[in-house]
Amino acid sequence: MTSVRPRAPIVRHDSSWQRIWGMVLRNLYLLRSSWPRLFELAYWPTFSLLIWGFLSSFLMTNSSWIAQAAGVLISAVLLWDVLFRSNLGLAVTFLEEMWSRNLGQLFISPLRPVEMIAALMVISFLRTVISVLPAALLAMPLFGIWVFDLGAALAAFFFNLLVMGWAVGLFVTGLLLRMGLGAEGIVWTGIFLIAPVTGIYYPISALPEWLHPISWSLPSTYVFEGMRAVMFEKIFRWDLLMGAIALNVVYLVAGAAAFLYFYGVARERGLLLQQGE
Amino acid sequence: MRSAPVDPGGPAIAVANLVKRFDAVVAVDDISFSVARGSVTALLGGNGAGKTTTLAMLLGALKPTSGEIAVLGVDMRADRYAVIPKLNFSSPYVALPGRLTIAQNLTVFAHLYGLDRIKERIERIAEALELTDLLKTPVGKLSAGQKTRAGLAKALINEPELLLLDEPTASLDPDTADWIRSYFETYTRDTGATLLLASHHMGEVERLCDHVLMMRRGVIADRGSPRELIMKYGRANLEEVFLDIAREGSARRQMAAQ
């Protein structure tokens with residue numbers, strides 16, 4: 001049997017960046033190994049784009065509201081997908097570790113929980129871009145809508161929805177840690193709870209008055225209202241952007257705190273080594 | 001972050017008054033033991049004796065209810081991340097991602113353990129574990145024996161000073177299991193590493209281990225070298241000692257019930 005003594009003394013760096021990169025690399029390997037996974041990422045946003053794009057084309061000639069801003073529904077569906085994919089990208093990345101029974105290996109390694117959070121965010125960003133970019137690019141040849149005309153406002157909308165998706169995803173991921181795969185359904189459906197009240201396709205003024213406080217407690221509401229302000233009134237509402245950022249800070253801190261709390265509970269109850277199918 | 005004091009000359013593991021409760025169930029009940037550096041120690045006991053719970057606490061994956069754990073001289077409660085880079089763990093019950101190749105898995109874990117010269121290290125470990133031809137094979141496509149060796153390669157990627165093993169040869173054919181045991185002998189001889197293994201295979205323990213901790217219902221029922229325990233119980237081998245200790249517990253429970 002071959003000797004196991006290494007040629008050179010082992011060097012162990014205490015580098016958060018290297019550990020986060022290790023986790024990102026693990027997911028890049030996973031995506032690279034499976035074309036169906038990559039296809040699935042882009043499939044639903046493109047599918048939604050087609051439905052809402054054709055509906056918009058129809059309503060352009062039948063609705064004065066839509067006719068005022070041709071791309072409003074398509075922009076809305078793409079921005080909603082940013083939020084949805086950001087949330088899903090984070091939670092599914094964590095689910096991948098549970099499905100492969102790898103969580104135990106990760107949590108006995110030097111990877112800290114906060115580094116896990118950072119890695120999940122990076123991977124969620126990559127998955128969101130892979131998901132939404134093809135649909136955004138297709139909107140031009142198919143419907144003549146170039147969402148990038150929104151310019152800097154688009155970047156502000158994108159990052160605010162991305163961060164909100166992370167915050168919700170971290171909370172859901174915490175639940176997965178605590179409750180195991182029994183909570184998997186929340187990953188796929190949880191974010192839809194806010195869809196009716198956050199004004200994706202219609203202004204908040206269309207909702208009953210009593211729902212308004214709930215709507216305005218969501219960062220995404222400020223983004224969708226801000227989007228409509230840009231498209232209908234041609235103004236960028238800084239007040240709405242600031243509202244979204246402020247709420248997102250609160251959401252992200254709460255999401256990360258929930259994840260760390262549930263991690264602590266899982267470590268207390270011996271769930272870290274038991275997760276899996 | 002504050003670093004816990006390091007005692008380089010002390011035992012590899014020092015456990016004092018360790019307790020783990022899950023609600024009303026006491027899984028580990030006030031155990032104390034130490035494991036000498038460079039030794040190979042077995043943690044034995046029947047199902048539910050508390051072996052895996054103890055291993056999980058030593059790895060930092062499970063928080064003790066009370067008690068103290070020092071690993072390689074570092075207080076695990078104060079700063080477990082100061083010592084975790086020097087530990088590793090292998091178990092057939094904790095998998096590697098099946099869609100990634102062995103090389104990809106090892107690369108990921110090499111990054112998590114903060115290693116450099118990763119490619120060179122993977123090539124050497126693969127050579128030692130006879131995995132070179134399988135490096136580009138997804139773990140999910142490996143046989144049970146190959147998966148065990150891949151898991152072992154992951155456990156050795158950081159050249160751990162303390163290696164914890166949970167039933168390392170479970171579900172392996174006798175030839176593969178023998179190969180794995182020989183590898184542990186080579187590894188400890190070449191690196192001076194400390195091994196703590198939970199096992200149900202008494203022949204394996206007699207062959208590999210300097211010291212045995214016998215657990216029963218959350219406590220350490222007895223301890224000593226395999227030879228000492230065999231002589232103490234007047235038995236022919238460790239398996240009979242194991243049965244004596246396990247059945248003594250059953251008999252006591254029956255008497256108490258009567």
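In chain A of this predicted model, 78% of the contacts between residues at least 6 apart in sequence join residues at least 24 apart. What sort of elements does chain A hold? It has eleven helices and zero strands, so to speak a run of one letter: read along the sequence, the pattern goes α-α-α-α-α-α-α-α-α-α-α. The C-alpha trace of chain A spans about 80 × 40 × 35 Å along its principal axes. Of the 277 residues in chain A, 44% are buried.

Chain B mixes things up, with nine helices and ten strands. The radius of gyration of chain B comes out at 19 Å, close to the 18 Å that the globule rule gives for 258 residues, so chain B is as compact as a globular protein of that length. Its C-alpha atoms fill a box of roughly 60 × 45 × 35 Å, again taken along the principal axes. Buried residues account for 50% of the 258 residues in chain B. As for contacts in chain B between residues at least 6 apart in sequence, 69% of them link residues at least 24 apart.

Now for the sheet in chain B. Strands of a sheet pair through backbone hydrogen bonds, and they can do that either parallel or antiparallel. In chain B, six strands make up an open sheet with mixed pairing, in the order E6-E7-E8-E3-E9-E10. Which strands sit at the edges? They are strand E6 (87-90) and strand E10 (219-224) of chain B, each of which pairs on one side only. Going from one strand to the next, the twist averages 20°.

Two helices of chain B that pack on this sheet are worth a look. Helix H5, residues 144-156 of chain B, touches E6 and strand E7 (162-166) of chain B. The direction of H5 makes about 170° with that of E6(B).

At the other edge strand, E10(B), the pairing partner is strand E9 (residues 211-216) of chain B; the two run antiparallel and are joined by five bridges. Within this pair, Val212(B) stands opposite Gly224(B) in E10(B). Helix H8 (residues 226-233) of chain B packs on the sheet here, touching both E9 and E10 of chain B. What angle does the direction of H8 make with that of E10(B)? The value is about 100°.

Key
Residues are numbered from 1 along each chain as its sequence is written. Chains are lettered from A and ligands numbered from 1 in the order in which they are written. This is a predicted model: local features need pLDDT of at least 70, side-chain atom pairs count only at pLDDT 80 or more; totals for chains, interfaces and linings use all residues. Two strands pair if DSSP finds at least two bridges between them. Helices (H or I, at least four residues) and strands (E, at least two) are DSSP runs, numbered from the N terminus. Axes are lines fitted to C-alpha atoms, for helices over the stretch in contact, and angles run from 0 to 180 degrees between N-to-C directions. Two residues are in contact if their C-beta atoms, placed from the backbone, lie within 7 Å. The radius of gyration is taken over C-alpha atoms; the globule rule is 2.2 Å times the number of residues to the power 0.38. A residue is buried if 20 or more other C-beta atoms lie within 10 Å of its own, exposed if 12 or fewer, and partly exposed in between; C-beta atoms are placed from the backbone.
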